[in-house]
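These are my notebook entries on a structure that I had not examined before. I record each item that I looked up, in the order in which I turned to it.

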Amino acid sequence: MLIGIDVGSTTVKCVVVEPETLAIRWSRYERHETRQAEKLAEMLESIHQAFPEQPLESFSAFITGSGAGPLADPLGARFVQEVNAVTLSVEKLHPDVNSVVELGGQDAKVILFKENPETGERQVITSMNDKCASGTGATIDKCVLKVGMNAEQLKALEFDPGKLHHVAAKCGVFAETDIVNLIKSGVPSGEVMNSLADAIVMQNLSVLTRGNTLMPKVLLLGGPNTYLNFLQQAWRLRIPQTWAERGYEVGDSSAEELVIVPDNAQYYAAYGAVVFGVQDVGEAVEYRGLESLRTFMQRGRQARMSAGAGKGLVGSREELEAFRKHYAVPVFNAARFEPGTVVRGYIGLDGGSTSSKAVLIDEQGEILKKEYRLSQGNPIQDTKEILANIKNYVTEQGASLEILGFGATGYAADVLEKAIKVDANIVETVAHMMSAQKYCGDDIDVICDIGGQDIKVLFLQHGQVKSFRLSNQCSAGNGMLLQAMAAQFGVDVKDYAEVAFNADLSPRFSYGCAVFLDTDRVNFQKEGFSKEELFAGLAQVLPKNVWQYVVQIPRMAELGRKYVLQGGTQYNLAAVKAQVDYIHERVPNAEVRVHPHTGEAGAIGAALEAKRVVERRGHSSFIGLDEAIDLHYTTRTDESTRCTFCENNCSRTFIDTTLPDGEVSRYIAGFACEKGTVESKEAVVELGKERKRLKGLYPNLVDYEANLVFRHFYKVPPLPEAGTPVRDERLSRGLFGLGAMRRKVYERPFERSDETAAERRGKLRVGIPRVLNSYTIAPFMRSYLEALGVDRRNILFSDQTSEELFQEGGKYGSVDPCFPSKAALAHVHSLLHPKGNRKPVDYIWFPTLVDLPSFVDHTMANKTCPVVAGTPMVAQAAFTKEKNFFAEAGVEYLHDPLHFDNPARLLQQLHQMWGEHLGITRDESDWAATQGWEAMRLVDEALQERGLEILNKAEKENDVALLMIGRPYHNDPGLNHEILEEFQTLGYPVLSIRSIPKDAAYLRRFFKEPLEEGSIEDVFDIRDVWPENYSVNSTQKVWAAKFAAAHKHVAVLDLSSFKCGHDAPTYGIIDKVIATSKTPYLAMHDLDANKPSGSINIRVKTYAYSLNLYREHLSDQGDNLSELERSIHAKRCELVEKHLAELAERHKGEDAASWASVENAYHAYLDKGAEAVVKVDFERKPQPAERPEEDARHDSRKVGE
Amino acid sequence: MQAQQSQVSTVSLETIEAELKAFEEKERERLGLDKPKQWREERVSDFTRSQRDSTTILFGGLTVMQDKLISSALGAMGYTTQALDCADNDALQLGKEYGNRAQCNPTYYTVGNLIKYLNHLREEKGLSHQQIVDNYILLTAGACGPCRFGMYVTEYRKALRDAGYEGFRVHLFQQSLGAIDSTEESGLDYSFEFFRSVVRAVMAGDVLNLMGYRIRPYEVEANATDKALDRCRDIVAEAFTRKKSVIKAMRRCRDILNEVKVDRLQPKPKVSVIGEFYAMTTEGDANYRLQRFLESEGAEVDIQPVTNWLLYMLWEHRSDALKMMKLKRTPDELAQLQPGHSEKSGHSILGPIVNRIAEAAIRYAFNRYAKAIGLEGYHLGDPAELARLSSDYYLDEVRGGEGHMEVGKLIYTVQKKKAHLVVSVKPFGCMPSSAVSDGVQTLVTARYPQANFLAIETSGDGAVNVYSRVQMALFKVREKARREFDEALAEGGLALEEARVRLNGKRAATVHYPAHREACTAANGIYELL
């Protein structure tokens, strides 16, 4: 008998197969609850019981799956790689299948069978998910728990493509964040699951297939595909769409016939392992049976454990006791009330990612009662129940409750603001700060809050948030992971620490993303680490994630010495112990305190803020306790709630709450942009007007630049007539061709191409992807073509990046670089398939830009990023791999290299590339390039002029302008997620790097010190902070950071894409530059395809809070400047008086005229000082730059023509 | 008198001004009116000749063999050197702790490896900060982009600063072999001799490594090859230290290697390991000890010698120089000059000629070593040939990492049947390799359906998954190797035992490597018997 075993990340599958017929005689599929060996032993026992006649020697075993490795040897089973096993199964059972998609617990695999046209052999192409895209089945499991659906409901769920919401399936943590947001917004469970299914399908189609098409028949395998009907339906919708898009004919068969789910799909790997065994060509392995496995379970595992294990959490019992005494969160006893009393207080509610917390505080701010509740999926329902509990608690004691005010924070705050009219809706970071200060004093330096999903670290100075760091999507989910770990081992999370403290050693997890940690966990478990050790190891990883991954400040002592730990995770003493040890190791004199109400810190802050607001305002807007408890609400998501204000047609959910006065308050959830927040067209128009007004008041030059660079605005003069004299040079080499090159200048007539070629050029259509570094050189590209006679209407830039554009064209790529590079393929796709009435293009021009021009001087080179430079080649591969989509569309794809940093080489390359295609002479090409450079100059000038206006205004009004430092393509609203508009509407003008005036005379005052010190040669030199400066866009970013650091009216928003390799080395430099100057700064690194609205929201709100404080600081400074001048002048008068008295004494009896001259000199000196006081405001105004004559004469009328 | 008065008042006014200035500073502080402070990187003083005797030069990052030989070669020139151990996962963790977020793995490993060693000096050897800073420097390679390799020094500086080694010197071994210059005052004498010694050590290391990978898979007694290689390494190192003939040392190595017993009649799949330079070269955690893993799974590994990298750098310089040479100036530049103006340009053909000679010298020296040790039939790569092969897919002007070479090597291997499987290994976050080459390779594999290609990303963790993928790919090609072997036997009408008897009769030396016909070495051995 042949036993096939498949040990996956969540389940064990076994089959017993007859060797002759390959018929399955016995099979089982069970979850192993992370006890792989035990579960397998259990199954083997059943097998031996089922076949009592068969002696041990008659069995052979074959084992596959991600958990198979360590078990193969003790069991005496031959190891078979799982994709090979599945491939063999499919070849055996389904010879007509061409593609397989298998979703497992943590792995996703695609197998493609393709016929080699030369040999006729069937080639097998396989791919597995990348590290960053794991957690498919596991993600579904977690989300099922979150939405609270049972197995029956899940089975009955139908896929409805009409009701889908955005979910990022790039990785499990991203998806969970989005799912939490959807649930919090009240989106029904079914829609959430359908959205997740669709996202997983789309993710796999766009990434896992590596740009290949899943040709029919397609086989769906693995647990989720087998058991989830709605997931199958999602595949059956999306796969045929790719066939249609790519022009593959598949006949009349239905999707059910072409995308099939076989019976027993869960056993394919186990069965394939047996098939392998039958065909086996390797060494035979003797099956050792159950006993050997049991011996391994008892002894072998320990022996296999990695020798590199770390220490446990505690060294001794005494140490533990001392720790406990100091750090255990004090037990909270809710207040008791005398019957008949009226309890008056404020409620604060924190609607967190996984739970809702509330506190009732009295008029002095002391906590009377806490409430905690795991989220059930709807924030209004959660709030109603929490309030009912608080009320019952009071009324059960015979007292009554009067709510004076209500404050909310967290994910649910926005919906509650509308539904129950809260008094205060504050951002979590500020809520946490207020709460920490109440309990731990105003002299806190650092607050570290670890919730279920997010890590927030706030740095304080003088009792205010100086700066902050938040976990991004890649560092989220740490608290949840500890909980999930406890749950996996059936341990109550409250007992986590007790278990963890029992470990003497611990596995060393590599810190970082929660998904990677979970992969590590699976591996350590396989190695044999115990529950206790795993718990300890995971707790120890937490401080690394906080301080090394999120905070990124290696010298913690710089942050200060008073640390407060808060957030629900601090109830777990194992996590606290790890944190305290980590901090003390690096800051030996640190005072680390745990917030006494650690889980409710946010809620307390919200309550305190509500108290403050109501006390100041004199009344509360809260609808009332009973009214809130009895609140009637409905949620609706259907065609009628869909947003129709743009072509995205996003699905939305309306949450209608009926207020006590009968008024219905509507909260709209699930919208993707601001338009989605309203219901009527009139409201959209109003919204548009308001936006326009704000935009007028606070210009956004990032957006302005994003549009300007692609516009036609420079009217190129006609080509010179043939025969116009031009200079040229002859090159010759002496010494038989071995000597130096001699160059001789001469004059000759300009050469023109013929009329026919010119006529042809007038009709040609050229498409250019509006992506990557075309954001820098688009004016050149457009004007070059226009100068050669290509009609300006025939120069077509693809649209700005949008979700729709990416969804349509982003499925062809085979690699997973930064989002801007992936989006580039979608842009090429959109040019290949023009929409609506747009005529097709003849050329797609996507040059390989190797270097770029730059204003930064003294650089090693001006190179572009290799990914960005290489993307045109990747696009060529993607669109010619399966078939030549360019040829099919009659389009010529031009991606030849261009060196923009070497004008002479550029001219040669331009002519080499376009010469034949456009039928142009070298003279014409060279002349057109000159026009290109002129267009670039004009764009720069126009932008800088507006930039100067903003900077001058900010200085004059003592206000702040926000400078976006990013790569040029972060101007694309599809890449910057329109974060800048958020600030624009908050009243901050936005500058781009290109819009900063580059006039050396203007800039000199900002770089005075380094210039005088000699650390830089001129204002465009950045060698004082970064000598290895060859990356053109990064050097510009660093220069801009230096400018902002020197200009106190400029705050910085730093944007960077996930996986940006050229930005990464500058993170530390920019940090240093900004931190030294104390410039307000917000970094949004790791931007990716999905828009993390929740995370953007909290960052924007917190930064807005800091910016506001900075504005106040500037205003104070303005006043202080006057005070300074006055006090200096007073001092001057005092000193003059003193000196004159002394002099008068010394020069008694001298000539009166001479004495008068001395006095005059002193008085003149005093007058000068007085003038300074008067002029102080005037002098604070910006000085106009001394512009060179020719600059002042520039013809700005050309811009905007 | 008046002049005297005026002098008095000026002096007094100056005193007042000075007093006021001090007052203003205090007032500014009181009112919070400080000017924004500007940060600048502290420049670290360089390594001078007078410090040479008291300074240990740290370096590393190539194969263990090469690091040892370079150490000996530099030692012979009067330097005190210390090769760092092969970077492991502890180094990775330190690199991540002190480096910038989102770096590529070679950065983390190499930067972390230095910090690890300095920590060792501080914590275990008890050296003070000043002693470490004064007595050690790191010698490393540099570049000017476009991949992050060129920014390593930035990373070293950041990590050193944050790990408490501010002031530690990192010396850049300038990559431009084309621009050899000598600086008298520098502690490192970049003379011709210096470069020659390093290059020779690199080549000798390559040759020994290549021999090891040819013999080890077929050894009869486990570890015999490694033991022999250890002896060979010591012999060659000794030759470098004593400035004796490396050729003679290589001949002695041949005898030692010939003592290893091999069974060449094992049909093993041959796997060519290509990819990003560091990930494919290192033999430690940074690529999950991939080469050894492949051997343990029954494969023969075809490695990429570091010498190929030197040739690539030479080619880059030459290719660019030739392109620049015939460029005309722009119309704007010419408009500044009068017709008839004549001048000599700096672009001399001599540069490319010297470059060619350097290339020929390297090939010649390599081949002499190869011949001496018995590395038969081995040819160094030709970047120009690879550029030609890959031109339809990858523009050779796109640089960074291995540039066009990854694509070129795959095509070359497939066309010439050099290996059964090509594993392209790249570190997590590698820009040119993961994000560009892999994207282009999909087109190559579509055009060459017979290619077995596997790209793997190494992140330091998740080794199980990587091993699993490699096993998956090996499964396909193992059968192919066996088929080639069977076909060879069939062509000669030989049974395996018969072939064994004949082979024994031939008494081929261990170092003998059968001439290439198929990828399978065992099959080639059979063809030689026929």
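**Entry 1. A helix of chain B**

How many of the nine residues of helix H20 of chain B are buried? I note beforehand that I am working with a predicted model. I found that eight of the nine residues in helix H20 (residues 521-529) are buried, which leaves the helix mostly covered. I listed them as Thr521(B), Ala522(B), Ala523(B), Asn524(B), Gly525(B), Ile526(B), Tyr527(B) and Leu529(B). I then looked up what lies over these buried residues of H20(B). The cover includes two strands of chain B, S5 (270-275) and S6 (300-302), together with the helices H18 and H19 (496-506) of that chain.

**Entry 2. Where the two chains meet**

I turned next to the interface. On the side of chain B, 116 residues are in contact with chain A, and 133 residues of chain A take part in return. The buried area between the chains comes to about 11,100 Å², and carbon and sulfur atoms give 58% of that area.

I searched for charged pairs between chain B and chain A and obtained seven salt bridges. One that I looked up joins Arg586(A) to Glu97(B), with 3.2 Å between the closest N and O atoms. I also obtained 31 residue pairs in polar contact across this interface.

Which elements of chain B give two or more residues to the side that touches chain A? I noted the helices H1 (2-31), H3 (89-98), H6 (152-162), H12 (306-325), H13 (331-335), H17 (431-447) and H18 (463-492), as well as strand S7 (342-348). H1(B) supplies the largest share, 17 residues. By kind, the residues on this side of chain B divide into 45 nonpolar, 39 charged and 32 polar.

**Entry 3. The nonpolar cores**

I looked up the largest nonpolar core and found that it has 193 residues. Those with the most contacts inside this core are Phe194(B) and Val236(B) from chain B, and Tyr784(A), Leu785(A), Trp845(A) and Trp914(A) from chain A. Helix H7 (residues 192-215) of chain B gives the largest share of this core, 14 residues.

I followed Trp845(A) further, setting aside its neighbours within four places in sequence. Its contacts include Val766(A), Gly767(A), Ile768(A) and Pro769(A). Also among them are Met781(A), Tyr784(A) and Leu785(A). I further noted Leu894(A), Leu898(A), Leu910(A), Met913(A) and Trp914(A) as contacts of Trp845(A).

A second core is separate and has 56 residues, including Tyr496(A), Val499(A), Phe509(A) and Val546(A). As background, I recall that nonpolar side chains tend to be buried together in soluble globular proteins.

**Entry 4. A loop residue in chain A**

Is Val80(A) buried or exposed? I located Val80(A) in the loop of chain A between strand S5 (77-79) and helix H3 (82-93). Val80(A) has a relative accessible area of 1% and therefore counts as buried. Not counting residues up to four places away in sequence, Val80(A) touches Phe62(A), Ile63(A), Thr64(A), Gly65(A), Ala85(A), Ala273(A) and Phe276(A). I also checked Phe51(A): it is 29 residues from Val80(A) in sequence, and their C-alpha atoms are 24 Å apart.

**Entry 5. Salt bridges within the chains**

My search of the whole structure gave 101 salt bridges over all chains. I looked up three pairs individually.

- Arg294(A) pairs with Glu291(A), their closest N and O atoms being 3.3 Å apart. The two are three residues apart in helix H12 (residues 289-304) of chain A, so about one helical turn separates them. Arg294(A) is partly exposed at 25% relative accessibility, whereas Glu291(A) is exposed at 52%.
- Arg748(A) and Asp923(A) meet at 2.7 Å, N to O. Because Arg748(A) lies in strand S27 (residues 740-749) and Asp923(A) in helix H34 (residues 922-956) of chain A, the pair ties together parts 175 residues apart in sequence. Both residues are buried.
- Arg356(B) pairs with Glu359(B) at 3.6 Å between the closest N and O atoms. Both lie in helix H14 (residues 350-373) of chain B, three residues and about one turn apart. Arg356(B) is partly exposed, at 47%, while Glu359(B) is buried, at 7%.

Finally, I noted one network in which salt bridges with shared partners join Arg28(A), Glu30(A), Lys39(A) and Glu42(A).

Note on methods: Residues are numbered from 1 along each chain as its sequence is written. Chains are lettered from A and ligands numbered from 1 in the order in which they are written. This is a predicted model: local features need pLDDT of at least 70, side-chain atom pairs count only at pLDDT 80 or more; totals for chains, interfaces and linings use all residues. Side-chain values use heavy atoms; hydrogens and water are left out. Contact means heavy atoms within 4.5 Å. Buried area is the accessible area (1.4 Å probe) that two parts lose on being put together, summed over both. A salt bridge is a side-chain nitrogen of Lys or Arg within 4 Å of a carboxyl oxygen of Asp or Glu. A polar contact is a pair of N or O atoms within 3.5 Å; within protein, one must be able to donate a hydrogen and the other to accept it, and residues adjacent in sequence count only if both atoms are side-chain atoms. Helices (H or I, at least four residues) and strands (E, at least two) are DSSP runs, numbered from the N terminus. Ala, Val, Leu, Ile, Met, Phe, Trp, Tyr, Cys and Pro count as nonpolar, Asp, Glu, Lys and Arg as charged, and the others, Gly among them, as polar. A nonpolar core is a set of buried Ala, Val, Leu, Ile, Met, Phe, Trp, Tyr and Cys residues joined through side-chain atoms within 4.5 Å. Buried means under 20% relative accessible area, exposed over 50%, partly exposed in between (1.4 Å probe, protein chains only).
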